Amino acid sequence: MMKKGTVLFFKEKVIFRLMNREKLQQWIRKAVKQEGYNLGCINFIFCSDPYLRKLNKDYLKHDYFTDIVTFDNSSEKKLIEGDIFISIDRVRINAALYNVSFKEELQRVMIHGVLHLTGYTDKNSKEKMNMRKREDFWLMKRGF
């Protein structure tokens with residue numbers, strides 16, 4: 001059994017090196033807590049575009065590329081358990097498209113997944129705007 005408060009990082013079908021792991025773990029733990037949740041375990045799985053597209057198609061029936069797919073595995077109210085799959089290919093493309101650094105875009109996508117696990121949605125323009133505000137808030141709180 002995984003100890004509570006765990007943030008883990010994995011790779012699937014991608015060459016990638018995650019920097020500042022400990023700081024990212026602390027930042028995510030802080031975000032979960034301040035959003036009013038307890039952290040069980042979050043697994044971040046960094047992968048390629050084809051890998052995430054297949055996952056998106058197989059599990060969500062969406063046949064398109066995306067930067068993130070979040071699976072909420074929580075079984076208790078207010079306890080976060082989940083898997084967050086992030087396409088490193090798509091993060092690189094979007095960083096260039098939005099004229100931000102790879103690091104900035106990656107961390108935005110990471111906190112986006114965490115916010116989904118705490119109940120934020122982005123199905124319509126109002127929800128998207130609220131989600132973006134929370135992403136910006138947490139990006140300002142990184143401290144690294």
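These legends accompany several close-up views of a predicted model.

**View 1. F16 and F102 meet edge-to-face.**
Start with a pair of phenylalanines, one of 10 aromatic pairs in the model. The ring centres of F16 and F102 are 6.0 Å apart and the planes stand at 70°, so this pair is edge-to-face. The contact brings together distant parts of the chain, 86 residues apart: F16 sits in the loop between β1 (6-12) and α1 (21-34), while F102 belongs to helix α4 (residues 102-117). F16 is buried, at 9% relative accessibility, whereas F102 is partly exposed, at 28%. Look around these two rings and you will find a cluster linked by ring pairs, made up of F9, F16, F44, F46 and F102.

**View 2. Y51 and F85 form a stacked pair.**
Here the two rings lie 6.4 Å apart, centre to centre, with 25° between their planes. Y51 comes from helix α2 (residues 49-60) and F85 from strand β4 (residues 79-87), so to speak two distant parts of the chain, 34 residues apart. Y51 counts as partly exposed at 26% relative accessibility, and F85 counts as buried at 12%.

**View 3. Two side chains, R53 and K78, lie over aromatic rings.**
R53 is found over the face of F65, 4.6 Å from the ring centre. In the second example, K78 lies over the face of Y37, at 4.4 Å from the ring centre. Keep K78 in mind for the next view, where its backbone is of interest: this residue is in the turn of a hairpin and has a positive phi of about 70°.

**View 4. Strands β3 and β4 form a hairpin.**
Strand β3 (residues 68-72) runs antiparallel to β4, and 5 bridges join the two. Between the strands are 6 residues. To find your place along the hairpin, look for D72, which stands opposite G82 in β4.

**View 5. R134 and E35 join distant parts of the chain through a salt bridge.**
This is one of 8 salt bridges in the structure. The side chains of R134 and E35 meet at 2.6 Å, N to O. R134 is in helix α5 (residues 125-140) and E35 is in the loop between α1 and β2 (38-47), 99 residues apart. R134 is partly exposed, with a relative accessible area of 21%, while E35 is buried at 15%.

**View 6. D49 and R90 form a salt bridge between two helices.**
The closest N and O atoms of D49 and R90 are 2.4 Å apart. D49 lies in helix α2 and R90 in helix α3, with their positions 41 residues apart in the numbering. Both partners are buried.

**View 7. A network of salt bridges links R108, R132, E135 and D136.**
Within this network, R132 pairs with E135, the closest N and O atoms being 3.1 Å apart. The two residues are separated by about one helical turn, because they are 3 residues apart in helix α5. R132 is partly exposed at 43% relative accessible area, whereas E135 is buried at 4%.

**View 8. L97, Y98 and V100 form a nonpolar patch on the surface.**
Together these three residues offer about 310 Å² of accessible area. L97 is part of helix α3 (residues 88-98) and counts as exposed, at 60% relative accessibility.

How values were computed. Residues numbered from 1 in each chain as written. Predicted model: local features only at pLDDT ≥ 70, side-chain atom pairs only at ≥ 80, totals over all residues. Heavy atoms only, no water. Patch = residues over 30% accessible without salt bridge, like charges linked within 9 Å, V, L, I, M, F, W, Y side chains within 5 Å. Areas by Shrake-Rupley, 256 points an atom, 1.4 Å probe, with all protein chains shown as cover. Salt bridge = Lys/Arg side-chain N within 4 Å of Asp/Glu carboxyl O. Helix = DSSP H or I, 4+ residues; strand = E, 2+ residues; numbered from the N terminus. Buried < 20%, exposed > 50% of the residue type's maximum accessible area, 1.4 Å probe, protein only. Phe/Tyr/Trp six-rings, centres within 6.5 Å; stacked < 30°, edge-to-face > 60°. Lys NZ or Arg CZ within 6 Å of the ring centre and 35° of its normal. Pairing = 2+ DSSP bridges.
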